[in-house]
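Trainee: I would like to take a close look at a single part of this protein, and I would be grateful for one connected answer. Could you walk me through a sheet and what lies around it?

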Amino acid sequence: MHFHHERLPLKTATPIEIIDITADIRQVFETHLVREGQVTIHSPHTTAFVALNERETMLQQDMLAFLSRLAPKGAGYGHDRAPVDGRENAHAHLIGLFMNASETIPVHHGELLLGRWQSIFFVELDGPRESRTLNIQISGVR
């Protein structure tokens, strides 16, 4: 059984941002190729997440608008009155209740089993941030 862990550093530029990381994940996977197994992508952050969805410009704009409406910033949340790190980010934590910290993608015959329209996204809800990290875990047989 083969195991590999790698960290993917990211930088975000806007308050809410959706970054397509599919090519980055494929690059790591191709370096540590397994024939059968899985790739898990995990965000160790409480205001940034991983999602599988379609990469299409208008849909991504719809996603950004939806996330902004789901829990608007500055809506009088208690967490914003005494933020732990000085960031008024209760909205990001609340939106995060509906998102995933990780996604696992099966590997079969050396291929990531993503659907035809699926891409892998890093979703920033509390940006911009100079430093974010994703954990990538590859496990399986070669």
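**A close look at one sheet**

Mentor: Before we turn to the part you asked about, it helps to place it in the whole, where 44% of the 142 residues of the protein count as buried. Please keep in mind that what you see is a predicted model. The secondary structure comes to three helices and eight strands, and if you follow the chain from the N terminus, these elements run β-β-α-β-β-α-α-β-β-β-β. The C-alpha atoms fill a box of roughly 50 × 30 × 20 Å when it is taken along the principal axes.

Now to the sheet itself, which is an open one made of three strands in the order β2-β7-β4, with antiparallel pairing. Its edge strands are β2, covering 17-20, and β4, covering 48-54, and each of these pairs on one side only. As you pass from one strand to the next, the twist averages 35°.

Let us look at one of these pairings in detail. Strand β7, made of residues 118-124, pairs with β4 in the antiparallel sense, and the two are joined over seven bridges. If you want a place to rest your eye along this pairing, find A51, which stands opposite F121 in β7.

A helix accompanies the sheet, for α2, which spans residues 57-70, lies across β2, β4 and β7. With respect to β4, helix α2 runs at about 140°.

The wider chain gives this part its setting. Among the contacts in the protein with a separation of 6 or more, 84% are accounted for by residues 24 or more positions apart. The protein exposes about 8000 Å², and carbon and sulfur atoms supply 53% of that area. As for charge, there are 13 positive and 17 negative side chains, and the centres of the two sets lie 2 Å apart.

Finally, let us turn to a residue in another helix, namely L94, which lies in α3, residues 90-96. Leaving aside residues up to four places away in sequence, L94 touches A71 and Y77. Why is L94 described as partly exposed? Its relative accessibility is 33%, and because that value falls between the 20% limit for buried and the 50% limit for exposed, L94 counts as partly exposed. From L94 to S139 there are 45 residues in sequence, and the two lie 32 Å apart in space, taken from C-alpha to C-alpha.

Technical notes
Residues numbered from 1 in each chain as written. Predicted model: local features only at pLDDT ≥ 70, side-chain atom pairs only at ≥ 80, totals over all residues. Heavy atoms only, no water. Pairing = 2+ DSSP bridges. Helix = DSSP H or I, 4+ residues; strand = E, 2+ residues; numbered from the N terminus. Axes fitted to C-alpha atoms, helices over the stretch in contact; angles between N-to-C directions. Contact = heavy atoms within 4.5 Å. Buried < 20%, exposed > 50% of the residue type's maximum accessible area, 1.4 Å probe, protein only. Areas by Shrake-Rupley, 256 points an atom, 1.4 Å probe, with all protein chains shown as cover. Lys, Arg positive; Asp, Glu negative; His and termini not counted. Charge placed at Lys NZ, Arg CZ, Asp CG, Glu CD.
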